[in-house]
Amino acid sequence: MEEKKDYRAELFYEPRNGYDTLSDAERVELEAYCEEYKRYLDGSRTERECVANAIELAERAGFAPYIPGMSLRPGSKVYYSNRGKALLLAVVGREPMSAGAVIAAAHVDSPRLDLKQLPLYEDSELAFLKTHYYGGIKKYQWTAIPLELHGVVALKSGETIEVCIGRDKADPVLYVSDLLPHLAGEQMAKKANEVIKAESMNIFAGSVPYADEGKDRVKLAVMAILNSKYGITEADFISAELAAVPAFDVRDLGLDRSLIGAYGHDDRVCAFAELKAILELESPRRTAVCILADKEETGSDGVSGMKSEAFEWFMNKLCRADGSELGDCFANSVCISADVTAAFDPNYPDVSEKRNAARLNYGVGLSKFTGARGKSGTNDAPAELVAYVRELLDRSGVQWQMAELGKVDQGGGGTVAMYMGNRNIATIDAGVPVISMHAPYEVVSKYDCYMTYRCMKAVYGD
Ligand code: MN
Ligand code: MN
């Protein structure tokens, strides 16, 4: 009988709950890592804040801004901020760039409500700010919750003013209203994607009229507050990037504190994992590159998105420093597209195929492919690359699991993986499984956060 049992263990693949093999020392490291991540996330509510906070950590770890023409040698640590909205960091390897770089690519933009370029208006003696949602959201989730306002106002003078209202507990918060249930009979009979109209997602901004007899007195009073605080006028909204984001703190979640609830885990949870891993890296064999991209949630287009040639520009500079060609570098590079995946949720079991879905506490989720329907819009990592990652993670004691984003034909989603693959860079998706992805408050497991960081460390260190 004993013999038969061993045979089963030898032939079958059985994923295990990570807590069954977690050592006491790892547990201490896990808690410390997650506390650091929580601090970073709490103060990083836009891609700009993510980049600024990452630069601060990088400089403390000895990274210097990349200046074209500067001399680079093995062990050099540089970063390049793409307009303050995306960040590229590199630790130069002992081997030349033509041997390939080890790249990890996460994104730091998250779904939110952007203010329109002419947002402020008055209706029924109340002042409002008009919004335009950013990324894929269920609009009804973003009503009747406290919101903060973050972003920048770029002035004609060339000065850029940073705006942050609501993060400080002494600040007021903002709000998009929903209908009371008493009067929502008609609304509740609608389809969920029609319940809240985008053009009714207007933010409550004020209610006290300015003390004169003119028109738009409440709007004027709100504009006066913004003018006294930031020195801006209504026209300055035109060159502003202001976003309303959930005013929820990052908190431990669950009675055992094993989970983290927060806005923006997607994809700052993977961004922080690769950032922390590269900041701890000394003299790697191959050049390590950490990407914090913008615009993933809207399709990766634009100067700060992953389709931008800003990436080629930076990589080419690193290549030229040792006489390598960019094409050779890409052909020999490996990329981890570090983005979150869907965690199996027992409250909604029907959308997942349990055997291939990622589970909380089972470690970093590897996705061979993403996309939708017949694998359209996908990178689909070569089997040989999947084998390499399996071997590397096993050798490094990193717990991993396979993941797919829901049942076949249930829906789907993409990451930056295909834009890296299209560049002739062997790419695989790996990241943290998330509950309630794209909701104002998302949930991840601390164990999976920690293993994703360990995964990034293993990849950079190989
Ligand atoms: Mn993502
Ligand atoms: Mn997303």
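# Exercises on metal sites, sheets and salt bridges

Aspartate 266 and glutamate 297 are both buried (buried means under 20% relative accessible area, exposed over 50%, and partly exposed in between, with a 1.4 Å probe and protein chains only). The structure is a predicted model, in which local features need pLDDT of at least 70 and side-chain atom pairs count only at pLDDT 80 or more, while totals for chains, interfaces and linings use all residues. Residues are numbered from 1 along each chain as its sequence is written, chains are lettered from A and ligands numbered from 1 in the order in which they are written, and side-chain values use heavy atoms, with hydrogens and water left out.

## Exercise 1: The manganese ions

Task: Identify the donors of the manganese ion (ligand 2) and state where they lie in the chain.

Solution.
1. The manganese ion (ligand 2) is held by Asp266 (OD), Glu297 (OE), Glu297 (OE) and His438 (NE2), at 2.1 to 2.7 Å. Donors are N, O and S atoms within 2.8 Å of the metal (3.2 Å for Na, K and Ca); water is not among the atoms, so sites may look incomplete.
2. Along the chain, the donors of this ion follow the spacing D-x30-E-x140-H.
3. Aspartate 266 lies in helix α7 (residues 265-279) and glutamate 297 in the loop between β14 and α8 (310-321); the pair, 31 residues apart, links distant parts of the chain. Helices (H or I, at least four residues) and strands (E, at least two) are DSSP runs, numbered from the N terminus.

Task: Determine which residues coordinate the manganese ion (ligand 1), and which residue bridges the two ions.

Solution.
1. The protein donors of the manganese ion (ligand 1) are His107 (NE2), Asp266 (OD), Asp339 (OD) and Asp339 (OD), lying 2.1 to 2.6 Å from it.
2. Their spacing along the chain is H-x158-D-x72-D.
3. Aspartate 266 coordinates both manganese ions, ligand 1 and ligand 2, which are 3.3 Å apart.
4. Histidine 107 belongs to strand β4 and aspartate 339 to the loop between β15 and β16, so this pair ties together parts that are 232 residues apart in sequence.
5. Histidine 107 and aspartate 339 are both buried.

## Exercise 2: The two sheets

Task: Give the strand order of the open sheet of 9 strands, name its edge strands, and describe how helix α12 packs on it.

Solution.
1. The order is β1-β2-β3-β14-β4-β15-β21-β17-β19, with mixed pairing. Two strands pair if DSSP finds at least two bridges between them.
2. The edges are β1 (64-65) and β19 (400-402); each has a single partner strand, so one side of each is left without a neighbour in the sheet.
3. Strands β4 (residues 102-107) and β15 (residues 334-338) are parallel and pair over 4 bridges. Isoleucine 103 has cysteine 335 in β15 as its bridge partner.
4. Helix α12 packs on this sheet, touching β4, β14 (288-293), β15, β17 (364-367) and β21 (426-431), and its direction makes about 150° with that of β4. Contact means heavy atoms within 4.5 Å. Axes are lines fitted to C-alpha atoms, for helices over the stretch in contact, and angles run from 0 to 180 degrees between N-to-C directions.

Task: Repeat the analysis for the open sheet of 5 strands.

Solution.
1. The strands follow the order β12-β13-β23-β22-β16, again with mixed pairing.
2. β12 (251-253) and β16 (341-342) stand at the edges with a single partner strand each, so one side of each lacks a neighbour in the sheet.
3. Strand β22 (residues 433-435) and strand β23 (residues 442-445) run antiparallel and are joined by 2 bridges.
4. Helix α12 (residues 446-461) packs on this sheet too, touching β12, β13, β22 and β23; its direction makes about 70° with that of β23.

## Exercise 3: Salt bridges

Task: State how many salt bridges are found in the whole structure, and examine the one between glutamate 56 and arginine 60.

Solution.
1. The search finds 35 salt bridges, a salt bridge being a side-chain nitrogen of Lys or Arg within 4 Å of a carboxyl oxygen of Asp or Glu.
2. In the bridge between glutamate 56 and arginine 60, the closest N and O atoms are 3.0 Å apart.
3. Glutamate 56 and arginine 60 are 4 residues apart in helix α3 (residues 47-60), which means a separation of about one helical turn.
4. Glutamate 56 is partly exposed, with a relative accessible area of 45%, whereas arginine 60 counts as exposed at 63%.

Task: Are arginine 167 and glutamate 148, which form a salt bridge, buried or exposed?

Solution.
1. Their side chains meet at 2.9 Å, N to O.
2. Arginine 167 lies in the loop between β8 (160-165) and β9 (175-176) and glutamate 148 in strand β7 (residues 147-154), so the pair ties together parts 19 residues apart in sequence.
3. Arginine 167 and glutamate 148 are both buried.
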